[in-house]
Amino acid sequence: MREINVAQITEVIARLCIEANTHLPEDVKGVIKKCRACEDGEIACGILDRIIENFEIADAENVPICQDTGMACVFLEIGQDVHLVGGNLAEAVDEGVRRGYESGYLRKSVVKDPIRRGNTGDNTPAMLYTEIVPGEQVKITLGPKGFGSENMSAIRMFKPSAGLQGIKDFILEVVETAGPNPCPPMVVGVGIGGTFDKAALLAKKALMRPVDSSNADPYYADLEAEMLEKINALGIGPQGFGGRTTALGVNIETLPTHIAGMPCAVNINCHVTRHKTEVI
Amino acid sequence: MERHITLPLTEELAKTLHAGDTVYVTGTIYTSRDAGHKRMCEALAAGEKLPFDPTDATIYYVGPTPAKPGQVIGSAGPTTSGRMDAYAPTMLSVGARGMIGKGARLPEVVEAMKKHSGVYFGAIGGAGALIAKCIKSAELIAYEDLGAEALRKLYVEEMPLVVIIDCEGRNLYEERRAAYLEQRK
């Protein structure tokens, strides 16, 4: 049994909040540059140039890439041979978010209550997901999630008879409805299967996977490639000003599901798709 | 067409701007987003004055990150304009003419723009670090308790924008996308 003090988790999360918000992951940078080389939209090329210039400024000056520094989505994979000591884990996570958002000059974008509103002032609470896995390590993934794109996400409970075509049509429908709103080029996270809640979580997890990676199952890897091509044939383009680059990637994650159902969630992210992982 | 304009956005000036124009804007603009708009519209409904003179004003839909020491403002890209659709016709009716944001607008906003000669400009969503470079001063003027959503008065120089919807109701999103799909045929 390995002991890990939760203070260490606080420290790592504070650092990840700042790093994730100021330095775009290399996979996203690479795909944006690749898309710029293939773009043929009139305004689109200039927009992609500015998007590249923007993340380079953020890198050089250590400033947030985007002013929506998001809700802090925190995924903890906790080894079952780890004993967490030194305090309450959820409080330690929130403390990391609090410190990171304050010392990193990040925007505090969280309200206390969904209807009565009121900013919490420190960007807490984090959206925390914990999973118990084999081993004696703690893997921390932080994904600040902006809401311009989050608001364009959707979930649908399909009948199994809708089949693959139903899923394909739904993904395209969500992207079409999102249009210029989620700051395209977007990244499309898709969760298929599980239950209502698990499908949504899968879609969010799909966004934490590098955008240049493919599902390990060739069936779904092919579906990812096919959907990316179909989305990029819609012509929405960067910022909605017409062009090839509507999406940078489509990541699909799946789970077994019930005989009666086929849940599908589509979580939209913007070109500032942030994720950063560290293992303790 | 490429234009360099100086605010305020008078009716005469607004009428010379067309969907698709690249416009470099210099002058004073005001920041407001969801909570600020709600409060301003409540103030108007109660017969109160707004924290700034809306006549020919341009409102930037933004909630910036806090300024680091030595910075005028933090990252400051546009937020999704559609969330302000519930308030935009009211703001246009009291004289505010320019709106800066990103994303689609409802038909009722476009109708109000046609009626009051409003212009909807787009800034590049997600390019907050870059856009901050053209903001030369920032002053908090009201609703400090709203944090990032407080009202700020900004002075911008050569802020690069695109006219998305002009005061005749022409829409760049629709036109450019159709033109691109035609080009690819």
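Two residues are taken to be in contact if their C-beta atoms, placed from the backbone, lie within 7 Å. By this criterion, in the predicted model examined here, residues 24 or more positions apart account for 61% of those contacts in chain B that have a separation of 6 or more. Six helices and seven strands constitute the secondary structure of chain B, and their succession along the sequence reads β-α-β-α-β-α-β-α-β-α-β-β-α. The radius of gyration of chain B is 16 Å, close to the 16 Å that the globule rule gives for 185 residues, so chain B is as compact as a globular protein of that length. Along the principal axes, its C-alpha atoms fill a box of roughly 50 × 40 × 25 Å. Of the 185 residues in chain B, 50% are buried.

In chain A, four strands form an open sheet of mixed pairing, in the order β4-β2-β5-β10. Strands β4 (127-133) and β10 (276-279) of chain A occupy the edges; each has a single partner strand, and therefore one side of each is left without a neighbour in the sheet. From one strand to the next, the twist averages 15°. The pairing of strand β2 (residues 71-79) of chain A with β4(A) is parallel and extends over seven bridges. Within these strands, L76(A) lies opposite T130(A) of β4(A).

The contact between the chains draws on 40 residues from chain A and 35 residues from chain B. On the side of chain A that touches chain B, helix α3 (residues 44-61) of chain A gives the most, with seven residues. The residues on this side of chain A comprise 17 nonpolar, 18 polar and five charged.

Notes. Residues numbered from 1 in each chain as written. Chains lettered and ligands numbered in written order. Predicted model: local features only at pLDDT ≥ 70, side-chain atom pairs only at ≥ 80, totals over all residues. Helix = DSSP H or I, 4+ residues; strand = E, 2+ residues; numbered from the N terminus. Nonpolar A, V, L, I, M, F, W, Y, C, P; charged D, E, K, R; others polar. Pairing = 2+ DSSP bridges. Axes fitted to C-alpha atoms, helices over the stretch in contact; angles between N-to-C directions. Rg over C-alpha atoms; globule rule 2.2 N^0.38 Å. Buried ≥ 20, exposed ≤ 12 C-beta atoms within 10 Å, placed from the backbone.
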